[in-house]
Every structure is written in structure tokens, then in C-alpha cells.
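Got a minute to walk through a fold together? Have a look at the chain below.

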Amino acid sequence: MDLVLIESLGVDTVIGVYDWERTITQRLLLDLELATDIRPAAASDDIALTLDYAAICERIIAFAAEHDVALVETFAERLAETLREEFAIAWLRLTVRKPGAVPAAAAVGVSIQRGRQPETQ
Ligand SMILES: Nc1nc2c(c(=O)[nH]1)N=C([C@H](O)[C@@H](O)CO)CN2
């Protein structure tokens, strides 16, 4: 299985369960592993035949700016659904970290996998 990677993408969004969190934006850090067969793009050197990580980052940043939820779980689930609808992603692992939410921890968050993991060839 081939993966397109996005590591530590910083996005700003309104997120949190407490009243004070409804009045500010907070930064989330996202890691994504996106399954796709990279061989057609590699053979032709054509961006149209792979997942364009720049376009996906841009979409994620816009998604974060226009959404407002309480839980990181909700953010992760809705983002994964949106990306799978809009891009040809067979399977993804999405990790959402909320740095500073718990002062004693470097970050807290969730990691989800959605879709069908392609067979390794
Ligand atoms: N499993 C979760 N636990 C908590 C969340 C969350 O989104 N998922 N959120 C909070 C608060 O918003 C916290 O991040 C504020 O510091 C608490 N627990």
C-alpha cells in the first residue's frame, strides 16, 4: 500500500466543550496518511494521477475555518468524511492533536482510520 503523507498541518478552528472555548480559535495539529497507488503518477510524472497534498491541505485549512464543534472526535469524523467525498482516498488515517489543552501533556487528541485498506502488492 502506498501513502501520501501530511505531517503536523496546523489549522485554526473554534473547538472545545467549555464556554470560554466557544469565543476563541485554537490550533490543531493534523497528521494524515492517505492510501493511493502512486505508480500511475510516478510512471507518467503527472500530478493529476495522484492525491495532490497541497490541494488537500488547502481544503483542510478551509474546513477548519468554517466549522465549529465541541469535540475533537466530531472534527476528525466530519473532516474524514469530507475528504473521502471530495478526493479519491481509498483509506485514511487521521490524527488530530490539540496541543496545550491539557497543560501536563504535549498534546491530546484522537486518531481514526476510515475506508478500506488496499492490499499490498
Ligand atoms: N475525548 C475528548 N475529551 C475532551 C475533549 C474532546 O474534544 N475529546 N475536549 C475537552 C476540552 O475542550 C478541552 O480540550 C479544553 O482544554 C476536554 N476533554
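What follows is a set of questions and answers on this predicted model.

Q: What pLDDT does the chain average?
A: Since this is a predicted model, confidence is a good place to start. For the complex, the predictor gives an ipTM of 0.97 and a pTM of 0.96. Within the chain, 98% of the residues score at least 70, and the average pLDDT is 96.

Q: Which pattern does the chain follow when read along the sequence?
A: The chain has three helices and five strands to place. Its C-alpha trace spans about 50 × 25 × 20 Å along the principal axes. Read along the sequence, the elements come out as β-β-α-α-β-α-β-β.

Q: What is the order of the five strands in the open sheet?
A: Let's build it up from the pairings. β1 (residues 3-15) joins β2 (residues 26-35) and also β3, while β2 pairs with β4 (residues 91-99) and β4 with β5 (residues 107-115). The edge strands, each pairing on one side only, are β3 (68-69) and β5. Put together, the pairing is mixed and the order is β3-β1-β2-β4-β5.

Q: Do β1 and β3 run parallel or antiparallel?
A: The contact between these strands can be followed at valine 14, which stands opposite aspartate 68 in β3. Two bridges join β1 to β3, and the direction is parallel.

Q: How many bridges join β1 to β2?
A: Two of the facing pairs give you a feel for the register: isoleucine 6 stands opposite leucine 32 in β2, and aspartate 12 stands opposite arginine 27. The two strands run antiparallel, and the number of bridges joining them is nine.

Q: Which residue in β4 does glutamate 33 stand opposite?
A: β2 and β4 pair in the antiparallel sense over six bridges. Along that pairing, aspartate 31 has threonine 95 as its bridge partner, and leucine 34 has leucine 92. For glutamate 33, the residue opposite is arginine 93.

Q: In β5, what is the bridge partner of arginine 93?
A: Arginine 93 already stands opposite glutamate 33 on the β2 side. Going the other way, β4 and β5 pair in the antiparallel sense over nine bridges. There, the partner of arginine 93 is glutamine 113.

Q: At about what angle to β1 does helix α2 run?
A: Helix α2 covers residues 53-66 and lies across β1 and β2. Those two strands are themselves joined by nine bridges. Relative to β1, the helix runs at about 15°.

Q: How many residues of the shell around the ligand are charged?
A: The residues around the ligand are Gly16, Val17, Tyr18, Glu21, Leu71, Val72, Glu73, Lys98 and Ala101. Sorted by type, five are nonpolar and one is polar. That leaves the charged ones, and they number three.

Q: How far apart do the end C-alpha atoms of residues 4-114 lie?
A: Those residues are worth asking about because UniProt, in an unreviewed entry, places the feature "domain: Dihydroneopterin aldolase/epimerase" there. The span is 32% helix and 37% strand. Its end C-alpha atoms lie apart by 15 Å.

Notes:
Residues are numbered from 1 along each chain as its sequence is written. This is a predicted model: local features need pLDDT of at least 70, side-chain atom pairs count only at pLDDT 80 or more; totals for chains, interfaces and linings use all residues. A residue is near a molecule or strand if its C-beta atom, placed from the backbone, lies within 6 Å of it. Ala, Val, Leu, Ile, Met, Phe, Trp, Tyr, Cys and Pro count as nonpolar, Asp, Glu, Lys and Arg as charged, and the others, Gly among them, as polar. Two strands pair if DSSP finds at least two bridges between them. Helices (H or I, at least four residues) and strands (E, at least two) are DSSP runs, numbered from the N terminus. pLDDT is the predictor's confidence in each residue, from 0 to 100. Two residues are in contact if their C-beta atoms, placed from the backbone, lie within 7 Å. Axes are lines fitted to C-alpha atoms, for helices over the stretch in contact, and angles run from 0 to 180 degrees between N-to-C directions.
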